[in-house]
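Please walk through this model in the viewer, one selection at a time. Each stop gives something to select and then what is there.

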Amino acid sequence: MPTPTLLVLDAEPHPRLGRLTGRARIEHTDAEGLAARLPRADVLLVWDFTSRAVRDAWPGEGPRPRWVHTASAGVDHLMCPELAASDTVVTNARGIFDQPIAEYVAALVLAMAKDLPRTLELQRERTWRHREAHKISGTRAVVVGSGPIGRAIAHTLGALGITTALVGRAARSGVHGPEDLDRLLARADWVIAAAPLTDETRGMFDARRFGLMQPSARFVNIGRGRLVVEDALAEALAKRWIAGAALDVFEAEPLPPDSPLWQTPDLIVSPHMSGDTIGWRDELGAQFVELYEQWASGEPLRNVVDKQRGYVPGH
């Protein structure tokens, strides 16, 4: 059997694939070279998970890889109608980011409840100003997105004494369906967006949804930027429809310097870092190598994405 060709859509630093020496013919490409190299590849590793090059290159002529793996939880950056309709298997990095993101959400919740951004600002000003903070134990949270990341968030918030409701694509044991979302939003102190980006979830947090929330509620998005209508969120904060928000993902990344979100009141902006802990790239590389060994041995792959739904189903 000929040695399979593994094509890597690269980003710095490169993945560590030494364990595949002699087991795969490894080629590297940037976005510009992807279309020309795709027909020769058996496997595509989308290491540059911020690139949309796969969407542009996939519809071209010639054979396509039998398997595509993206080093990310979301797959919206690479999915196009031609890939969705093909026989190519798509896998993602499910499992790598769950707990780090849950910890980051907990940190944001604590920071907003305890007014830490203002404390740091006053410290820089050398101003002593006593305030009272919120107790989070006994508050309510809604986590929209019932996959592994959403469940890890719910578990971590629960450890802080927050009662958490999960909302998923369909109702099941322990998970509310979309029909319950509006009712839950109206009672929530914390609303966490952790859903994949699909046709159903795009723009789901709009002016109407922010209008349903309590004036004391706070909103966090660690899912996908396009889950949120950013102008509507900025208006909700400016008009005090909600008390605060934190965004780690945005419609345009990096967030442009002239974006009004930088100066939106009571908004914490972070640069898409909620799941990125020290050593995360090594974990992503090791996960791919394990999946490659499964694939090469003919074993069923883990983390197989339902290409119509846009996520790994069944969890």
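Select Asn-303 in this predicted model: with a relative accessible area of 5%, under the 20% cut-off, Asn-303 counts as buried. Asn-303 is found in the segment after α10. The phi of Asn-303 is near 60°, a positive value in a residue other than glycine. Most residues other than glycine have a negative phi, and most peptide bonds are trans.

**The helix before that segment**

Step back to α10, residues 280-296. How far apart are the end C-alpha atoms of α10? They are 24 Å apart, and 17 residues at 1.5 Å a residue should span 24 Å, so the two values agree. Colour the buried residues of α10, among them Trp-280, Leu-284, Phe-288, Leu-291, Tyr-292 and Trp-295. Gly-285, Gln-287 and Gln-294 in α10 are also buried. The cover over the buried residues of α10 includes β1, β3, β4 (67-70) and β5 (89-91). Just after the helix, Gly-298 has a positive phi of about 80°.

**The largest nonpolar core**

Phe-288 leads to the next selection, the largest nonpolar core, which has 47 residues. Phe-288 is one of the residues with the most contacts inside this core, along with Leu-6, Ile-153, Leu-157, Trp-190, Ile-192 and Ile-222. Elements that each supply at least two residues of this core include β1 (5-9), β3 (43-46), β6 (140-144), α6 (148-159) and β8 (190-193). The element that gives the most to this core is α4, with nine residues. In soluble globular proteins, nonpolar side chains tend to be buried together.

Now centre on Ile-222 and show its contacts. Beyond four places in sequence, Ile-222 is in contact with residues including Ile-101, Val-105, Ile-149, Ile-153 and Ile-192. Asp-248 and Ser-274 are also among the contacts of Ile-222. Another core, of 31 residues, lies apart from the largest one, and Val-144, Val-167, Leu-197 and Ala-245 are among its members.

**Helix α4**

Select 98-113, which is α4. At 1.5 Å a residue, its 16 residues should span 22 Å, and the end C-alpha atoms are 23 Å apart, which agrees. α4 is mostly covered, since 12 of its 16 residues are buried. The buried set includes Asp-98, Pro-100, Ile-101, Tyr-104, Val-105, Leu-108, Val-109 and Met-112. These buried residues of α4 pack against α5, α6, β8, β9 (218-221), β10 and β11.

Move to Asp-115, just after α4, where phi is positive at about 60°. Asp-115 is in the loop between α4 and α5. Is Asp-115 buried or exposed? Asp-115 is partly exposed, with a relative accessible area of 29%, a value between the cut-offs of 20% and 50%.

**The second largest pocket**

Keep Asp-115 selected and show the second largest pocket, whose volume is about 430 Å³. Of the 22 lining residues, Met-112, Asp-115, Pro-117, Arg-118 and Asp-266 are the closest to its centre. α4, α5 (116-125) and β11 (267-269) each supply at least two lining residues. With five residues, α5 gives the most to this lining. By class, the lining has 10 nonpolar, three polar and nine charged residues.

**Two cis prolines**

Select Glu-12 and Pro-13, which are joined by a cis peptide bond with omega of about -10°. Pro-13 lies in the loop between β1 and β2 (25-29). Then select Glu-253 and Pro-254, where the peptide bond is also cis, with omega near -5°. Pro-254 lies in the loop between β10 (244-247) and β11.

**Two more loops**

Select Pro-59, in the loop between α2 (53-57) and β4. Pro-59 is partly exposed, with a relative accessible area of 39%. Not counting residues up to four places away, Pro-59 touches Arg-64 and Glu-82. Pro-59 and Glu-82 are 23 residues apart in sequence, and their C-alpha atoms are 5.9 Å apart.

The last selection is Glu-179, in the loop between β7 (163-167) and α7 (181-185). Glu-179 is exposed, because its relative accessible area of 57% is over 50%. Draw a distance from Glu-179 to Leu-78: the two are 101 residues apart along the chain, and their C-alpha atoms are separated by 29 Å.

Definitions and conventions
Residues are numbered from 1 along each chain as its sequence is written. This is a predicted model: local features need pLDDT of at least 70, side-chain atom pairs count only at pLDDT 80 or more; totals for chains, interfaces and linings use all residues. Side-chain values use heavy atoms; hydrogens and water are left out. On a 1 Å grid over the protein atoms alone, a cavity is a set of points where a 1.4 Å probe fits but cannot get out, and a pocket is an open set with protein on both sides within 12 Å along at least five of seven lines; lining residues have an atom within 4 Å of a point. Grid points are joined across faces, edges and corners, and a volume is the space filled by probe spheres set on the points. Helices (H or I, at least four residues) and strands (E, at least two) are DSSP runs, numbered from the N terminus. Ala, Val, Leu, Ile, Met, Phe, Trp, Tyr, Cys and Pro count as nonpolar, Asp, Glu, Lys and Arg as charged, and the others, Gly among them, as polar. A nonpolar core is a set of buried Ala, Val, Leu, Ile, Met, Phe, Trp, Tyr and Cys residues joined through side-chain atoms within 4.5 Å. Buried means under 20% relative accessible area, exposed over 50%, partly exposed in between (1.4 Å probe, protein chains only). Contact means heavy atoms within 4.5 Å. The expected span of a helix is 1.5 Å times one less than its number of residues.
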